[in-house]
Structure formats: C-alpha cells, structure tokens
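Here is a walk through one protein model, going from the overall make-up to a few local spots. Keep the structure open while you read.

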Amino acid sequence: MLSSIALAALPLGIVFTGQMAPLAHLDTLSQGLEAPARLAVTGSEILVTDPQANTVVRFDLATGTYIGTWTEPAGPVGIAVHPDGRIFVSRRDDGQVGVYDSSFVFQHALDASPFVVEGATDLAMDAVTGSLYVADSAADRYYVFGAEESLVRAVGSRGGSSGQFRFPSSIAIDTANDLVVVGDQDNFRGQLFDLNGMYMRRFGYRTKYISGGLVEGWFARSAGIAFDQVGRIYVVDALMDTLRVFTSAGAELGKVVDHDASPGGLRTPTDVVIDASGRVLVANSGTGSVEIFAPPPASRDSEGTFFTGTNVSGQDRNSKLRGARSRIDQEVPVEVVDGGSGDGMPSAARGGWDPPHVLADVSCGRCHDVDGQPGGHVGLAEGQAQVCFSCHTGGGQAPGSLVRPTTNLGMSHAWGVDAVNAAYGSVGPPAGSELELYLENGLIKCATCHDQHSQDIAAPYLRMNSTQLCRSCHSEHIIHTPQGDWQPVCTDCHAPHDPDDRNLSLVAGGVFNQTLGIEKPVVLTSRSGANSFADGDGTYDGICEVCHTETTFHKHDGSGGAHNEGVTCTGCHAHADGFMASGACDACHGAPPATGAHLVHFGVNDLGLVSYGGTDNVSTAAAYGFQCGTCHPLSFTAHMNGSVDVELYDAAAPAGSLKSMSPPAAAYSEIDSTCSNVYCHSRTDWSSSTVGDPLTDPVEGWALLDSNGNLTYDPYTVTEFPVYSTVSWSGASLDCNGCHRNPPQTQYPNVYAAVGNSHAAVDDWGYENLHNWNMSFDPLFCRVCHYSTVTDAMTWTRIAGDITLFDDVAIADKRYHVNGAKDVAFDPVNAVTYSSQTFTFESSIYDPADKTCSNVGCHLEQCKPAWGKPYRWGWGSLECDQCHHYGGPWPPTSPCDTLPRAGRDFDTHGYYPGMDCGSCHARLPAIP
C-alpha cells in the first residue's frame with residue numbers, strides 16, 4: 001500500500017481509470033423525521049437518530065416502511081447495535097454513550113475510566129468481535145470497548161500530525177481488511193488505523209486541485225464515513241453536500257451524489273452506511289430524510305484518481321491572527337493507551353478565539369475560501385447559510401443550536417428571502433444601516449443579523465441587541481406594554497432559532513412569567529380556534545394566557561370572565577399597537593399629544609415608534625424622537641392613574657439611555673412647568689489644578705514627549721462636570737446658548753492653560769485662544785469637527801479679548817444631537833483657510849480612546865494633537881512649537897520627534913531658557 005507521504009507527492013490529477021458513475025436513487029424515507037443525524041442497520045431495521053426530535057426512528061430494512069420511534073430526551077446522535085441486541089447511543093446533552101436493551105430501555109452509560117467521555121458523536125460496531133468504536137469529538141480521540149463494555153484502548157490526541165485529531169466526526173471499521181477509518185473533520189482528511197490502533201495513512205484535503213487550475217471543496221466538512229463490502233470508503237460532506245467514494249489507498253473513485261434539495265440530492269448530509277446488500281443510505285439532515293441509493297458497480301484496486309490539494313486557505317496564509325496551519329507536514333507516533341493503565345490521559349482543554357467559530361489551532365479555512373457548490377462563494381446567501389448549516393445540524397459540531405435549511409415548523413428565521421416582507425411585517429433594514437450592508441442582493445443571509453466573529457455586542461453573535469435587531473426590519477412591531485415594572489424585549493416571546501419550537505411566528509415554546517417567577521409552556525399552532533392565542537380550553541398555554549396575572553380576561557390560571565376564546569387576538573390587539581386594545585396609545589390621546597413641546601421632543605412621524613415606558617432614542621435626521629419613558633414613568637402602574645406623571649430620573653432606566661444620564665435630582669416642577677437637572681439640557685464645564693511648565697531633559701534641554709509626540713507635565717487634575725439649564729415646558733424654543741455655551745469655553749483661573757477643553761479658553765491675560773481664536777484668523781466652525789451634527793457655515797463676531805461669539809446654526813442631523821455622545825466627525829467637504837494656506841479634513845481621524853487627532857493639516861508638524869492638553873499663547877516656546885515643531889531629542893526617535901519645519905532656522909527657533917514666542921512675536925498684530 002502507498003504511504004501517506006507518497007500520496008501527497010503524486011503529480012496533480014493522475015488518473016488510473018475512469019471515475020465511478022453517480023449512484024441511482026431508489027427511495028426516500030421521511031416519516032417521523034425532522035433532522036436525522038446518524039444511521040445504523042440491523043438484520044431487519046434501519047435505525048435513525050434524530051436529536052432535533054429526541055427520537056430514534058425505525059424503518060423496515062426491506063420495504064422502508066415506518067415502524068415507530070423510541071424516545072431519548074438527552075438527544076440521540078450516534079447509534080450502533082451489538083449482535084446480541086444491545087443498542088449503544090451517544091447523547092447530545094451530556095456527551096456520554098448510553099447502553100440500552102433491545103427494547104430501548106436505558107441500562108447504564110459506558111465507563112471509559114481512566115478517561116472521561118466528553119462529547120461522543122459517531123459509533124461503529126465490529127459485528128465479528130462485538131467491539132464498539134466511539135468517536136469522542138470533544139476529546140479528539142476514539143475509544144475501543146470490548147464485547148463486555150470494558151475499555152480496550154483510547155487512540156489519539158488533539159493536533160494536526162498523523163494520528164492526531166481535530167474534531168473526529170465519524171468512524172467506521174473494516175474487519176476484513178483490519179482497518180479503522182476516522183473522519184478528521186477540522187484537519188480536513190480521513191485517517192486509517194489498524195484494529196490495534198496503529199496509524200496507517202491519511203487521505204484527502206480541504207480543497208483539491210483539478211484540471212484547468214480549478215480548486216474544488218473536497219473535505220470541507222466531512223460528517224459521515226463508511227466502508228462497503230469490498231473495502232471502498234464513502235464520505236459525506238455536510239458543507240459541500242456530496243457523497244464521495246475512495247479506495248482504501250486514498251484514490252477518489254468518484255463524486256457519486258451531489259447537492260440538490262429534491263429527492264435523491266443531498267442537503268446537509270450527516271451520515272452514511274452500507275447495508276448487507278450494498279445499498280447506500282445517507283442521513284440527509286437538511287431535508288429531514290434518509291436517501292437510499294443502489295449499490296455502486298464493482299471496481300478494481302487500481303481504479304481512482306489521486307489528487308493533490310491543500311488544507312490551508314488564503315485567509316490562513318495572510319492572517320496575522322492565526323499562526324497555526326492545518327496542513328500535515330510531519331509524522332509522529334500515534335498515542336495508544338491501554339484501558340486501565342492510567343497513563344497518557346490527554347487534556348481536552350483547548351484555547352480559542354471567539355469559539356466556537358474560530359479555534360486557536362484550526363484554520364480560518366474551516367469556513368472560508370470554499371467557493372464551489374452548493375452555493376457559490378460563502379458570502380452569498382445560499383453559500384453562507386450552508387456554512388452555518390454544516391455545523392448547526394443534528395449530527396454536526398453544534399447539535400444543540402440547530403438551524404434547518406427548510407423553513408417549516410417555525411424552527412428558524414427565514415434566510416435567502418427578500419428583506420422586505422410585508423406578510424411578516426417587515427419593511428427591511430433602514431437605508432444606510434449596518435444590517436442593510438449585510439444583505440445579498442436584497443436577500444437576508446446569516447450575517448445580516450449575526451457577526452459570526454464577535455461576541456462583543458450581543459450574544460449569540462448578534463450585530464446589536466435583540467430588540468434593536470428585530471425592530472430594524474419589523475419597525476412597526478411595538479414591544480408588549482406590560483403591567484408592573486417588567487420591560488419586555490422581543491426574545492421574551494420569540495425564539496428565532498429554537499430547535500424545539502413548533503409555534504407560529506417563531507413564538508417560543510416556553511415564556512417566563514415574570515410575576516410568578518416560572519417558565520410556562522406555550523402552544524401556538526393556530527391563530528384561531530384550538531391552540532391559538534387564548535382558546536380558553538382549560539390548558540392555559542396560549543401565548544396570551546401564560547403571562548397575564550392582572551388582566552380582566554385570559555389570566556394564566558383561567559380566572560376572570562370569558563372573552564372571545566379562540567378568536568384571533570391580534571385582530572383587536574395588534575402587535576403594532578403594543579397589543580393594547582385597538583388604537584393603542586392614540587386611542588385615548590395623541591401619540592404624542594399634539595402640543596408644541598411634545599412634538600419638539602417627538603416629531604418622528606411614526607406611531608409605531610411610540611412606546612409606553614420606552615427609552616430608546618429613535619430620532620431621525622429631521623426630527624427628535626425621545627420615547628415616552630424618557631420623560632414619563634417606566635412602570636405601567638403609573639398609567640391611567642388620574643394624573644399626568646413626569647419622571648425624569650429612574651434608577652432602573654436602561655444603561656445608555658438618556659434617562660439614565662440624568663442625576664437623581666432631575667425633576668419637573670408643576671408650579672412653573674420647568675425641568676431642571678436634566679441631561680438633555682446640560683453642558684459640560686471644567687476646573688483644574690495648577691499646570692506647571694513642560695518637562696525637559698535636565699542636561700540637553702530637549703522637550704520630554706509622550707508616545708504621541710506631545711509635551712509632558714508634572715501631574716495635574718482636570719475635573720469635568722455638568723451644568724444644567726432650567727427650561728420651561730411652555731417657553732420659547734432654546735437656542736444653542738440655551739443649553740451650552742456657543743462655543744464652549746473655559747477661563748483662567750478656574751482652568752489653567754486651557755486644559756480640559758480645546759474649543760476656546762480665556763488666559764490669564766484676558767485673551768481667548770485655541771480653535772475659536774485660530775491665531776487671529778477666522779474661527780473654526782462647529783462643522784469642522786462635528787460634521788455629523790452641523791453642516792452649515794456660521795456667522796460670528798469678536799469682542800474685547802478676542803473672544804469669539806457664534807450665532808445659532810441649524811442642526812443638520814438630530815440623530816447625533818442630544819444622543820448621549822460627543823460625536824466627532826471631520827468635515828469632508830469644506831476647506832479651512834489659514835493665512836495663505838488651505839486645509840482639508842477628509843482624511844482626518846479622531847480616536848476617542850485617547851482623544852487624539854491625526855492627519856489634521858492645520859496642526860502642521862504636530863503628529864497627533866491631544867484634546868484638552870495645555871496651551872498658553874506667548875507663555876513658552878515649547879507649547880507654541882507643538883505645531884511649529886521643536887521636538888526632541890536629536891536624532892529623532894519617532895516620526896513625531898522632528899525639528900522645526902523646512903526653512904526654519906534651528907538656532908533661531910530652538911528653546912532657550914527665559915525666551916518665549918512673545919520675545920519675537922507681538923500678539924497684535926498677529927504674525928503668521
């Protein structure tokens with residue numbers, strides 16, 4: 001037999017004879033199946049595990065007739081049958097292997113001491129010896145148990161060398177030829193061992209090179225593996241939706257079944273077995289079926305094609321995040337441990353980066369750079385979904401987070417459909433939003449809602465929190481208006497990917513009753529009649545019945561009078577109205593009330609965004625949109641209580657909301673209709689301690705600079721604090737100065753050296769400096785640095801002390817004004833003229849982490865000016881030379897440590913004790 005090294009060295013595409021023809025399809029078995037995972041064949045039956053339904057489904061081997069089901073609540077995955085009738089099943093929920101009698105009555109779990117079975121998946125039975133082979137995918141090894149269930153050996157450890165595994169997904173044995181084959185999924189290969197656990201050879205790569213320079217996905221996600229009676233090896237791939245046949249030497253005989261959703265095609269296949277007659281049976285998780293094919297024709301040992309290929313993707317080669325490769329490039333002895341010895345117990349611990357999508361020692365190629373069938377490039381809706389399905393399936397790496405490629409039974413949010421779907425109340429993501437960027441020709445794909453590489457925002461891998469996400473498309477679906485303090489979110493009632501869900505509209509199979517503190521089961525399989533919203537049948541499991549404790553009708557315990565049992569509740573209590581009675585908020589009063597101040601605070605023309613107790617900022621570019629809970633109570637107990645309650649502070653306000661940013665002293669006075677201490681009507685002010693001279697080298701006199709090239713100082717403190725305006729509800733509209741100074745300004749001696757605020761600062765001479773003085777030239781308008789908020793030019797005047805006063809300017813986009821953040825966005829359109837120089841800002845960048853700017857031309861030689869750092873005109877040449885750069889030391893140690901600009905004489909502009917800019921440059925008139 002050829003060694004694995006010899007196979008890798010064979011020339012590209014050497015063909016010994018023709019390839020095997022596609023298999024003829026015979027039958028489809030689907031009754032009782034939802035998402036089949038693994039198969040076993042006895043003398044008379046086909047056994048199919050279905051962890052989705054927690055069942056083992058039985059079919060007659062000869063006729064394919066459905067016989068019945070056995071139940072395993074822990075989720076059956078792998079299955080094998082002993083010649084004496086014992087049944088072995090690996091279980092999803094605990095990863096163990098259970099032993100059952102021939103009637104499927106649980107007996108006990110296998111004991112693998114001194115090992116611990118961590119995540120068993122596939123099982124294989126040696127019908128001659130009665131030995132059981134168990135692939136432990138989580139522990140990256142396989143076990144052999146004798147006929148009496150004692151551990152004989154454990155083989156393998158985690159790694160990419162020969163005899164090591166990364167998620168061994170499948171296992172099969174060929175007693176006639178003394179072979180064990182293991183589908184080594186995350187090493188993208190198959191490995192062959194003898195029956196004593198000694199490594200023999202390997203075959204397969206993640207992709208293969210074929211004629212014409214083409215690359216084809218080959219072992220992208222091997223899921224099931226089997227031997228036939230003549231020693232050929234069959235491999236199904238859950239990502240590529242293929243069944244391929246190989247010789248035991250590793251030559252491919254053919255791709256005999258391909259991707260297709262119709263009967264006889266594959267959609268997320270998870271297992272393959274060969275029955276005694278040679279028929280090929282494939283568990284097709286994606287279509288909820290078992291496909292049966294005719295035996296292939298006989299072949300000779302010399303047949304087949306040896307392909308070269310690679311287990312390294314383009315991302316792997318270029319990635320700085322991953323150093324590990326999946327390519328096999330060395331031989332090491334296989335680890336073989338005899339049961340009971342206590343030796344060689346490999347740890348299953350493995351590092352990761354945002355697991356499970358990227359593991360520390362598994363390549364990016366696990367998901368990327370597989371551009372062939374079934375869906376083209378994995379970025380496309382079809383192709384990307386297939387990547388997800390290949391793991392999130394009954395027999396895959398994420399069997400507890402199943403996503404089906406079919407949309408029946410309400411088990412998954414729709415994908416591959418138009419994002420605008422009126423039938424489900426979707427208007428699609430807003431134009432320019434992040435979600436819109438992740439559509440594929442208008443179609444939803446997995447990445448539309450999920451950021452599969454990050455858990456930093458919301459779990460599981462969502463692009464934003466679940467309510468924001470849902471309402472990005474279902475904007476008219478108002479959150480339910482509850483009784484009490486509970487503020488629900490979409491996922492309190494809906495489960496977008498619940499594998500156990502059978503309800504309409506992705507309504508969860510269980511909803512937590514906040515008042516009772518328990519989860520109650522929900523059945524919603526019809527919108528009216530039995531099992532509808534509230535059918536009053538004595539089993540209070542309707543979605544409208546499980547939570548209600550204070551309503552007049554349809555309470556969780558059946559108390560209260562009868563009321564339209566079995567009628568479609570949403571006919572009168574629409575989701576778009578927060579399930580309030582017809583008309584929702586505007587049934588009793590305007591939403592918002594049509595008063596001037598209400599409309600100023602909520603001028604968004606979308607009733608669907610009005611929400612009792614809501615605190616979201618739903619402003620648009622043209623209008624503010626502060627939801628009702630921003631100024632009114634969060635608790636529903638204050639609703640319809642005979643008074644109009646204004647509540648400007650609540651400790652329970654959601655973090656990040658405008659309400660949460662107001663202090664406890666925020667209040668509304670009914671006497672004079674004024675609001676005080678409200679974040680929305682406040683400005684920032686500063687105070688500081690004394691600021692000393694810039695630090696210099698005591699010997700050389702060079703300025704001591706920080707990592708950004710800026711001057712350093714002895715420690716000083718800057719205190720930032722809010723100053724609140726008291727505003728009248730019925731008063732005139734506020735101008736810019738009504739809430740904050742225009743422009744913001746600090747003044748000596750409260751603030752030394754302009755620290756804390758670089759807008760404008762009055763120095764100890766009574767003159768104003770910084771951006772709004774701009775060295776006597778036109779001040780910098782607000783739009784230069786806040787273009788997301790203000791885009792118009794400004795009119796201005798200067799008074800004594802060169803203090804600049806701005807006139808009001810219109811807010812260009814109210815989403816960025818009064819939004820809880822100080823938004824910095826440089827003007828990409830308008831240039832600024834300073835003396836004879838013109839500066840543009842389209843490439844300028846602000847880093848909020850350290851409050852530094854870069855690529856800002858008007859700072860001349862200052863590489864990364866930092867906001868709020870000391871500046872004193874005429875006080876010392878070092879601070880002036882932050883722009884006219886003196887720098888130091890010499891030679892420069894970084895690009896920011898530069899000498900004066902070209903054309904300046906160093907001896908003239910160097911730093912000399914007792915000499916400052918004012919020694920040569922009078923303040924008036926200004927000298928550029």
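Before we get to the hairpins, one bit of bookkeeping: two strands count as paired if DSSP finds at least two bridges between them. Keep in mind, too, that this is a predicted model.

**The big picture**

Let's start with the whole chain. The protein has 928 residues, and 49% of them are buried. Its secondary structure comes to eleven helices and 46 strands. Looking at contacts between residues at least 6 apart in sequence, 52% join residues at least 24 apart. As for the surface, the protein exposes about 40,200 Å², with carbon and sulfur atoms supplying 55% of that area.

**A hairpin with an odd turn**

Now for strands E13 and E14. E13 covers residues 141-145 and pairs with E14 in the antiparallel sense, over four bridges. One pair to look for is Tyr142, which sits opposite Val155 in E14. The two strands make a hairpin with five residues between them, and Glu149 in the turn has a positive phi of about 75°. How much of strand E14 (residues 151-155) is buried? Four of its five residues are, so E14 is largely enclosed by the rest of the structure.

**A four-stranded sheet**

A bit further along, four strands line up as an open sheet in the order E15-E16-E17-E18, with antiparallel pairing. The edges are strand E15 (168-174) and strand E18 (199-203); each has a single partner strand, so one side of each is left without a neighbour in the sheet. On average, neighbouring strands of this sheet are turned by 20° against each other, direction ignored. Zooming in on one pairing, strand E17 (residues 189-193) runs antiparallel to E18 and is joined to it by four bridges. Here Gly190 stands opposite Phe203 in E18. In general, strands of a sheet pair through backbone hydrogen bonds, either parallel or antiparallel.

**A short buried helix**

Helix H6 (residues 466-473) is worth a click. Six of its eight residues are buried, so H6 is largely enclosed by the rest of the structure. Which ones are they? The buried residues in H6 are Ser466, Thr467, Leu469, Arg471, Ser472 and Cys473. What do they pack against? Their neighbours are helix H4 (434-437) and helix H5 (446-449). The N-terminal end of H6 is capped by Asn465, which places a side-chain oxygen 3.1 Å from the backbone nitrogen of Thr467.

**Backbone oddities**

As background, most residues other than glycine have a negative phi, and most peptide bonds are trans. Here are some spots that break those habits.

| Residue or bond | Backbone angle | Where to look |
|---|---|---|
| Ser113 to Pro114 | cis, omega near 10° | Pro114: loop between E10 (106-109) and E11 (120-125) |
| Tyr748 to Pro749 | cis, omega near 10° | Pro749: loop between E38 (746-747) and E39 (761-762) |
| Ser673 | phi of about 55° | loop between E33 (667-669) and E34 (674-676) |
| Asn855 | phi near 60° | loop between E46 (852-854) and H10 (877-880) |

What about the surroundings of the two positive-phi residues in the table? Ser673 is partly exposed, with a relative accessible area of 21%. Asn855 counts as partly exposed too, at 45% relative accessibility.

**Cysteines without partners**

How many disulfides does the structure hold? It holds zero. A disulfide is a covalent bond between the sulfur atoms of two cysteines. In this model, a pair of cysteine sulfurs would have to lie within 2.5 Å to count. For Cys782, the closest cysteine sulfur is in Cys736, and at 7.0 Å the gap is too far for a bond. Cys785 tells a similar story: its sulfur is 6.5 Å from the closest cysteine sulfur, in Cys853, which is also too far for a bond. Are these two cysteines tucked away, or can you see them from outside? Cys782 is partly exposed, with a relative accessible area of 24%, and Cys785 is partly exposed at 23% relative accessibility.

Terms used: Residues numbered from 1 in each chain as written. Predicted model: local features only at pLDDT ≥ 70, side-chain atom pairs only at ≥ 80, totals over all residues. Heavy atoms only, no water. Buried < 20%, exposed > 50% of the residue type's maximum accessible area, 1.4 Å probe, protein only. Contact = heavy atoms within 4.5 Å. Areas by Shrake-Rupley, 256 points an atom, 1.4 Å probe, with all protein chains shown as cover. Axes fitted to C-alpha atoms, helices over the stretch in contact; angles between N-to-C directions. Polar contact = N/O pair within 3.5 Å; in protein donor to acceptor, adjacent residues only side chain to side chain.
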